[in-house]
Structure formats: structure tokens, C-alpha cells
Amino acid sequence: MLGIVARVSHIEHGEKDVIEIHIDPSSIPISYKGIFYMRSGATNQELRGLALQQFLMKKFGRNWEDIPCYGATLDDISPEAIQYFLNKGIKDGRMSPNADSSTPEEVISNLGLMEEGIPCNGAILLFGKHPQRHFVTSSFKIGRFGSTNFDLLSQEIIDGDLIQMPDRVMRTLSEKYLIRPIHYEGLQRVEPLELPEEALREIICNAIVHRDYQGTWTQMSIYSDHIRLWNAGKLPDDLPIEKLIGKHPSKPRNPKMAEAFYRAGFIEAWGRGIEKIIHGFNAEKLTPPTFSVEQGGVAVHIPRERFEAINMGRPTDIDQSNRLDKTAIQPIQPDTNPIQTDTKAAQKEVIMDMIRKNPAISMAEISRNLSITKSSVQRRLEALVKEGRIRHVGPTNGGSWRLS
């Protein structure tokens with residue numbers, strides 16, 4: 001049976017009896033002798049592989065996250081990941097305090113990610129001890145690039161369960177890839193991340209929750225002037241990229257995994273994630289990220305204006321129309337070059353911060369993180385030593401730095 005319903009009519013055409021058969025176009029593939037076909041223009045296209053798998057799951061009202069992860073058992077679930085999830089949800093008020101006594105089996109079952117005693121794909125991804133053993137590409141890749149896409153300076157691969165992955169990604173970015181420009185509010189020292197932290201976390205959580213885990217890795221490429229985050233998975237047909245900016249219905253690719261992230265307080269449940277991200281950047285007078293559909297996935301382009309300001313002397317004060325505030329780029333000009341002096345001073349503050357976090361940091365690492373030459377790093381270090389702010393302990397080739 002093809003599953004086709006035809007309308008058959010008996011009509012008279014001249015002196016002849018005619019049988020008229022009318023078949024409406026089908027919006028779904030048609031099965032013939034175990035093979036599925038779709039009409040594309042004037043040709044029939046055979047549906048196979050991943051496209052066929054996704055169609056069959058949709059036909060039976062299933063998502064990939066719902067499929068039992070055969071070979072997995074409850075022993076593959078991490079109690080620490082479950083407890084982390086419960087602690088976050090209770091603290092955020094999205095779970096009852098009584099939930100703290102829930103067993104891993106109860107948590108997974110309540111999320112609808114257990115079938116006949118077998119954890120589903122979504123459960124292993126969210127709470128698995130070693131989810132990459134089952135799903136190799138479920139890691140989160142971070143790469144630091146130079147001036148071109150071929151100039152890969154360093155990279156990280158963030159593994160482990162997805163429920164704790166946003167914390168691991170944010171910690172890696174904070175410690176190794178992003179800067180914390182230092183300023184003072186009165187006598188209080190303030191070290192905010194160069195990007196709005198809540199907005200950046202929202203971007204990362206959305207990339208983790210909404211990606212297609214039958215595709216390739218989530219990839220974050222970090223450059224001196226911007227960050228590009230890409231994750232596999234197309235948008236729903238009725239949700240073009242333009243509609244993401246405003247309020248829109250929430251249509252997660254992995255609804256049960258999204259529910260877990262919502263319960264943990266990581267994401268919004270009403271399609272307000274993009275709006276929240278843009279608001280976070282506007283609130284700090286930074287250019288908001290832009291979103292695009294590229295190579296079968298969704299890409300986010302995040303400008304690094306504060307990093308550029310420190311390394312290149314560029315202004316960061318941006319008004320709500322996202323144009324540069326002219327007063328910010330017209331400083332009073334004394335005899336010396338203020339932009340160059342301010343940039344060197346700012347770089348020294350960043351180097352001090354790096355040493356505070358990692359006393360054994362090398363000149364090569366500082367050079368990479370600041371995107372300046374090693375000779376420039378050496379001059380900044382020598383200046384800090386001369387100013388009595390740092391000192392070197394141990395052998396010249398090695399040793400560590402100490403703050404004075």
C-alpha cells in the first residue's frame with residue numbers, strides 16, 4: 001500500500017466513458033516496496049539515510065532524543081550530574097525542594113527520557129558519565145584563530161554531560177580565551193567579562209540544546225575582532241531567521257532536553273532567548289550578535305569590541321542605535337599619543353590579571369591571548385617589574401611570576 005488516497009470519477013467525454021483519477025500532491029514521502037520517494041520538480045527522489053530516519057521518527061511522533069540508547073543502562077547515568085541538575089532547579093525555583101530526594105531513574109522518567117528501563121539518547125547526553133562514548137560529536141569545540149581561518153593558535157574540546165557543559169564552556173572561555181578589563185567604581189575593583197555573561201551563557205545554552213546531535217560538533221571560533229559560534233541543525237520551515245529576533249513560539253528541536261535546561265534555570269521557555277541576548281548586549285552599549293543560517297546549521301557572530309579597544313585603542317561606547325558615540329572617539333590630545341599609552345596601560349592590567357590566575361603563564365600564552373608580539377609582551381613585563389608590581393621567581397627559562 002502506497003498510502004495514497006485517489007479520487008476516482010466516471011465522466012463522459014464526447015461519446016466515450018472516461019475514468020478520471022485525481023491525486024493531490026503529497027507533503028510526505030511515499031513508500032513503494034520498502035523505499036521512500038519524494039517528488040522534487042519533475043523527478044522522483046529516493047529518501048535514504050539520515051533524511052529517512054528523521055522522516056520516520058516524525059511520522060511516528062518521535063524525536064531523536066526519545067529513542068532508547070541501546071546498550072546503555074542506569075549505571076551509565078552520573079549521580080553528580082543528576083544532583084547538579086536538581087540543585088540548580090531548586091535554587092532557581094523551577095523545581096520543588098522535595099525534588100532533592102529524587103533518584104536518577106525518577107528524574108529521567110519524569111523528563112520522559114526512559115523507555116522500558118533503558119535511558120534514551122537525551123538522558124545519556126544530559127546526564128551520562130561518558131556521553132561521547134555513545135555520541136562522539138556531542139563535544140563542544142573551541143578554537144583560537146589568528147588573522148585567517150587557517151591560523152589555528154590553540155584549541156579545546158569540552159567533553160562530558162550536557163547539563164554541566166555550559167559551566168565548563170564558560171569557565172574555559174573566562175580562564176583562557178576572553179579578557180576581564182579592570183576598572184574601578186569608587187574604591188571597588190570591578191572585573192567584568194568582556195562580553196555580557198548572562199547573554200553569552202544564553203547563546204551557549206541555546207547552541208547546546210537546539211543542535212542536531214546526528215550532525216557534527218558545535219564549533220566556537222575565536223578571533224581578535226569577533227567570535228563565531230556554529231551548531232548543526234536547520235531552523236523549522238515556518239521559523240525563518242528574521243523571526244528569531246522578535247518574540248516567537250518556542251519550537252525546540254529537542255523539547256525534552258530543552259525542558260531540562262529550562263528546569264535548571266538555564267534558558268527561557270517562551271521563545272525569548274534571542275530577545276534576552278540582544279537586550280543584554282544593548283544594556284552594556286555593545287553591538288548585539290547577528291544570526292544566520294549557514295552550512296546546514298545556525299551561526300552566531302559576536303563582535304569583540306572591548307577586546308579590540310584594549311588591543312587597538314578602539315572606542316566601545318555604543319548607543320542604542322548601535323552607532324559609535326562620537327564623544328568617545330574625540331579625546332583631548334596632549335603632547336603624547338593617549339590611545340597608545342592607554343592601550344599599553346590596559347594591556348599591563350590584563351597581564352597582571354593573567355598572572356594572578358596563572359603564575360606560571362608563559363610569554364607565548366600572554367602573546368596569544370592579547371594578540372601582540374612576544375617582544376611587546378616582554379616590554380610590558382619589564383615595565384611591570386620596573387614599577388615594582390611583579391617579580392620573577394625561579395630560573396629564567398621557567399619559574400613563575402609573583403604579584404608584589
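In what sense, and over how many bridges, do strand 14 and strand 15 pair? In this predicted model, strand 14 and strand 15 (residues 297-303) are antiparallel partners, joined over five bridges. Within this pairing, serine 292 lies opposite alanine 299 of strand 15.

Both strands belong to an open sheet of six strands, arranged in the order 9-8-12-13-15-14 with mixed pairing. Strand 9 (152-158) and strand 14 (290-294) form the edges, each pairing on one side only. From one strand to the next, the twist averages 20°.

Helix 7 (residues 197-210) packs on the sheet, and its direction makes about 20° with that of strand 13. The strands that helix 7 touches include those listed here.

| Strand touched by helix 7 | Residues |
|---|---|
| strand 8 | 140-145 |
| strand 12 | 218-222 |
| strand 13 | 226-232 |

Strand 15 is also touched by helix 7.

A further element is helix 2 (residues 79-92). At 1.5 Å a residue, its 14 residues should span 20 Å, and the end C-alpha atoms of helix 2 are 20 Å apart, so the expected and modelled values agree. The buried residues of helix 2 are Ala81, Ile82, Tyr84, Phe85, Leu86 and Gly89. An α-helix has 3.6 residues a turn, so residues three or four places apart point the same way. The cover over the buried residues of helix 2 includes helix 3 (104-110), helix 4 (121-127), helix 6 (165-177) and helix 9 (255-263). Just after helix 2, glycine 93 adopts a positive phi of about 80°.

Methods. Residues numbered from 1 in each chain as written. Predicted model: local features only at pLDDT ≥ 70, side-chain atom pairs only at ≥ 80, totals over all residues. Heavy atoms only, no water. Pairing = 2+ DSSP bridges. Helix = DSSP H or I, 4+ residues; strand = E, 2+ residues; numbered from the N terminus. Axes fitted to C-alpha atoms, helices over the stretch in contact; angles between N-to-C directions. Contact = heavy atoms within 4.5 Å. Expected span 1.5 Å × (residues − 1). Buried < 20%, exposed > 50% of the residue type's maximum accessible area, 1.4 Å probe, protein only.
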